[in-house]
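Here is a friendly walk through one molecular structure. Have the coordinates open as you read.

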Amino acid sequence: MLRCSFCGRRAVYHRRYAGVFLCDRCMIKSVERRFRRAINQNKLVNPGERIAVAVSGGKDSVACLHLLHNYCRGKRGEVVAITVDEGIKGYRDGSLPLARENAEILGVEHHLVSFKSAFGATLDEMVRIAAKRGTGLNPCTYCGVMRRHLLNQAARELRADKLATGHNLDDETQAIMLNYVRADLSRLYRLAPIYAPREGFVPRIKPLREIPEKEIGLYVLLKGIKVHLAVCPYASGIHTEIRDFLNSLEANHPNSKFMILRMFEEIRPYLKEAVPEFEMRGCERCGEPTSTRLCKTCELLQGIGLAKRRKKLISDGDS
Amino acid sequence: MAVEVRVKIVGQRSTRRVKVEPGTTIAELLKKVGQNRETVVVRLNGRIVAEEEPLKKGDLVEILPVVTGG
Ligand SMILES: [Zn+2]
Ligand SMILES: [Zn+2]
């Protein structure tokens, strides 16, 4: 039997990049410590702040909700949960109930916003139209842009000081690699633990950024937290290739993911000068902040013959 | 003498029987069945274990895919 390097109890995990074995208790403590360290080192949360957490029902966002809820208990702050229903049949319908259930268990205020009610179509419907029109864009483009758009708007309407997402070490290193491959300096620059672009944008924080995805999986299993473990049916192409590449790199060369993140952090301060500054204004169509005439969401919607409805996502009595 | 262990991927119906040399670790078994250890958590006879744990005859190895990527 393999034993914990710290307390001698039965090991549940070999953390190869650190050369240690961990038992269930030490594993849980370690994840929670890393979460707190990320918050303190990067000043992600200030006392008394209202933090909106994007909760899909998947393990990362649900873990993030539980950890932030514990962190903010007492006088440190307040947590509200926002779930975006993109309208992905056979996938999101499985995770939504778990987002709601976890918020309920924790006694956290929960808000649901949907593509259908904001844009008049579900992601599934948009994908069908896009294919028919031959836009050449993949589902993740619509989904990513529009989900961020709704999360920001909902968080702002809820008067949140920060918007927290469950991005883990794997997500971050994948995004770093993807932006390298696409030579997208502006997007690369945005991959910080806290990113606060401008007025109109709620600063986004990523407190799980230094925790490998597998460890978050272990954490929710060990804590008995109920989550939705499924892969999005639209996941394909370069995203999955980069994910698989990084996982085989990590399997053969432990610590690679951390080194990729560290190297990026070394470089990031120098990127500031290379990234052009934008003048912010309101989107002509929907009023959301953007640097161009139309925001990216309205531009994408226009391409498939849709338009955003000009209305609040969160009704006034609701917040 | 090779021994037989049962391998179940959680979320899939069937349980496979795999022959391994005694003392083979879970990590080695994962390679053999084409699973990346960075993407799964493994339960050995019902308990979550480190992948360096060696296998013996009749063990039940449950593989839980935890990396969903978003
Ligand atoms: Zn321990
Ligand atoms: Zn717009």
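The sections below cover the model's conventions, a metal site and chain B.

## Conventions

This is a predicted model, in which local features need pLDDT of at least 70, side-chain atom pairs count only at pLDDT 80 or more, and totals for chains, interfaces and linings use all residues. Residues are numbered from 1 along each chain as its sequence is written, chains are lettered from A and ligands numbered from 1 in the order in which they are written, and side-chain values use heavy atoms, with hydrogens and water left out.

## The zinc site

Look first at the zinc ion (ligand 2): its protein donors are the SG atoms of A:Cys283, A:Cys286, A:Cys295 and A:Cys298, lying 2.3 Å from it. Donors here are N, O and S atoms within 2.8 Å of the metal (3.2 Å for Na, K and Ca); water is not among the atoms, so sites may look incomplete. Angles among the 4 donor atoms run from 107 to 113°, and the site is tetrahedral (four donors with all angles between 85 and 135 degrees).

Along the chain, the donors of this zinc ion follow the spacing C-x2-C-x8-C-x2-C. A:Cys283 and A:Cys295 are both buried (under 20% relative accessible area, 1.4 Å probe, protein chains only).

## Chain B

Chain B has 1 helix and 5 strands, arranged along the sequence as β-β-α-β-β-β. Helices (H or I, at least four residues) and strands (E, at least two) are DSSP runs, numbered from the N terminus.

The C-alpha trace of chain B spans about 45 × 25 × 20 Å along its principal axes. Of its 70 residues, 49% are buried.

Key
Four donors count as tetrahedral if all angles lie between 85 and 135 degrees; four count as square planar and six as octahedral if opposite donors are over 155 degrees apart and all others between 65 and 115; anything else is irregular. Buried means under 20% relative accessible area, exposed over 50%, partly exposed in between (1.4 Å probe, protein chains only).
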